[in-house]
Amino acid sequence: IVIDIDTEKTFILKEYWKQISELEKNKGICVPGFLITDKIELYQLKLLSHVGLSVMARSGYGKTQLLLSLLLTLCRLNSPEYLSLIIVDPKERDFPSLEILPHLACPIIYEYTQALVILRQVMLELEKRRSQRLPNYKPIVVVLDELADLVDALGKVERQEFELLVKRIGQKGRSFGIFLIGASQRAYEVPEEIRNKLELKI
């Protein structure tokens, strides 16, 4: 269900800071939203309790700002010793400002071809963790921006491998501390199998 609300609304952060702090005590990310009645509602987004998150919105609807806010809040709530980030940004436009983050497991990836390479490495890490069977794993959050463009840019064989890797990481990742975030302006051009593995949807 998609509801477009054109009117701009203002959220005064300091008025809700106490509530936000309470919600973030157990490392949940607080997301404020406006109900259609104009009432402000605070939601707790427990990102690391889900296999994956998809953020789908048309150009100009704030998808990038939401992603940046989510990632910065994750980094604020978790030290680099506890959390690692992997970011794929094919447009090389939205995430360069995050290159200074100590949480990055590798430099931000800007090449389409490298997206497949990094997913292979993530899958190897997943299999390594499966074999170790440790009680706890350092969370790794993998961000795939412009997901539809990433899929389109790959050849047929590479595309099949890409979709299979996302599916396998989606199936097994949460148990071993690996989480996916996929974002796109063209939601229905992202293969259905990938969309289904990103179970938390915005």
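Let me start with Ser-184, which, at 1% relative accessibility, counts as buried, and I should say at once that what we are looking at is a predicted model. Ser-184 sits in strand β6, which runs over residues 178–184, and its side chain reaches the backbone nitrogen of Arg-186 at 3.0 Å. If we set aside residues up to four places away in sequence, Ser-184 touches Val-55, Met-56, Ala-57, Lys-63, Glu-146, Leu-147, Ala-148 and Val-190. Two of those names, Glu-146 and Leu-147, will come back in a moment.

Glu-146 belongs to the loop between β5 and α4, and with a relative accessible area of 3% it is buried. What is the sign of phi at Glu-146, positive or negative? Phi there is near 50°, a positive value in a residue other than glycine. For context, most residues other than glycine have a negative phi. Arg-133 is another residue other than glycine with a positive phi, in this case near 55°, and it is located in the loop between α3 and β5. In contrast to the buried Glu-146, Arg-133 counts as exposed, because its relative accessibility is 59% and the cut-off for exposed is over 50%.

Let me step back to the chain as a whole. There are six helices and seven strands, and, read along the sequence, they follow the pattern α-β-β-β-α-β-α-β-α-α-β-α-β. Of the 202 residues in the chain, 46% are buried. If we take the contacts with a separation of 6 or more, 67% of them are accounted for by residues 24 or more positions apart.

Now to the interior. Which residues of the largest nonpolar core touch the most other members? In this core of 31 residues, they are Leu-144, Leu-147, Phe-162, Ile-169 and Ile-194, and Leu-147 is a residue we have already met as a contact of Ser-184. At least two residues of the core are supplied by each of β4 (84–88), α3 (112–132), β5 (140–144), α4 (147–153), α5 and β6, and the largest share, seven residues, comes from α3. To take one member in detail, Phe-162, leaving aside its neighbours within four places in sequence, is in contact with Ala-115, Leu-116, Leu-119, Leu-144, Leu-147, Leu-150, Val-151, Leu-154 and Ile-194. There is also a second, separate core, made of 22 residues, and among them are Leu-53, Leu-68, Leu-98 and Tyr-110.

That brings me to the packing of α3 against α5. In general, two packed helices are described by the angle between their axes and the distance between the axes. Here the axes of α3 and α5 come within 10 Å and cross at roughly 35°, and the crossing in which α3 passes α5 is left-handed. On the α3 side, the residues involved are Ala-115, Leu-116, Leu-119, Arg-120, Val-122, Met-123, Leu-126, Glu-127 and Arg-130, and these meet Glu-158, Glu-161, Phe-162, Leu-165, Val-166, Arg-168, Ile-169 and Lys-172 in α5. Sorted by class, the contact has 10 nonpolar, no polar and seven charged residues.

One of the charged residues deserves a closer look, namely Glu-127 in helix α3. Which residues does Glu-127 contact, once neighbours within four places in sequence are left aside? They are Arg-168 and Lys-172. Glu-127 counts as partly exposed, at 27% relative accessibility, and its C-alpha is 9.7 Å from that of Gly-173, although the two are 46 residues apart in sequence.

Further along the partner helix, Gln-171 lies in α5, which spans residues 156–172, and at 45% relative accessibility it counts as partly exposed. Gln-171 and Gly-52 are separated by 119 residues in sequence, yet their C-alpha atoms are 9.8 Å apart in space.

I will close with Thr-73, found in helix α2, residues 63–77. Is Thr-73 buried or exposed? Thr-73 is buried, because its relative accessible area of 15% falls under the 20% cut-off. The side chain of Thr-73 reaches the backbone oxygen of Ser-69 at 2.7 Å, just as we began with a side chain, that of Ser-184, reaching a backbone nitrogen, in Arg-186.

Terms used: Residues are numbered from 1 along each chain as its sequence is written. This is a predicted model: local features need pLDDT of at least 70, side-chain atom pairs count only at pLDDT 80 or more; totals for chains, interfaces and linings use all residues. Side-chain values use heavy atoms; hydrogens and water are left out. Helices (H or I, at least four residues) and strands (E, at least two) are DSSP runs, numbered from the N terminus. Buried means under 20% relative accessible area, exposed over 50%, partly exposed in between (1.4 Å probe, protein chains only). A polar contact is a pair of N or O atoms within 3.5 Å; within protein, one must be able to donate a hydrogen and the other to accept it, and residues adjacent in sequence count only if both atoms are side-chain atoms. Contact means heavy atoms within 4.5 Å. A nonpolar core is a set of buried Ala, Val, Leu, Ile, Met, Phe, Trp, Tyr and Cys residues joined through side-chain atoms within 4.5 Å. Axes are lines fitted to C-alpha atoms, for helices over the stretch in contact, and angles run from 0 to 180 degrees between N-to-C directions. A crossing is left-handed if the near helix is turned anticlockwise from the far one by less than a right angle, and right-handed if clockwise. Ala, Val, Leu, Ile, Met, Phe, Trp, Tyr, Cys and Pro count as nonpolar, Asp, Glu, Lys and Arg as charged, and the others, Gly among them, as polar.
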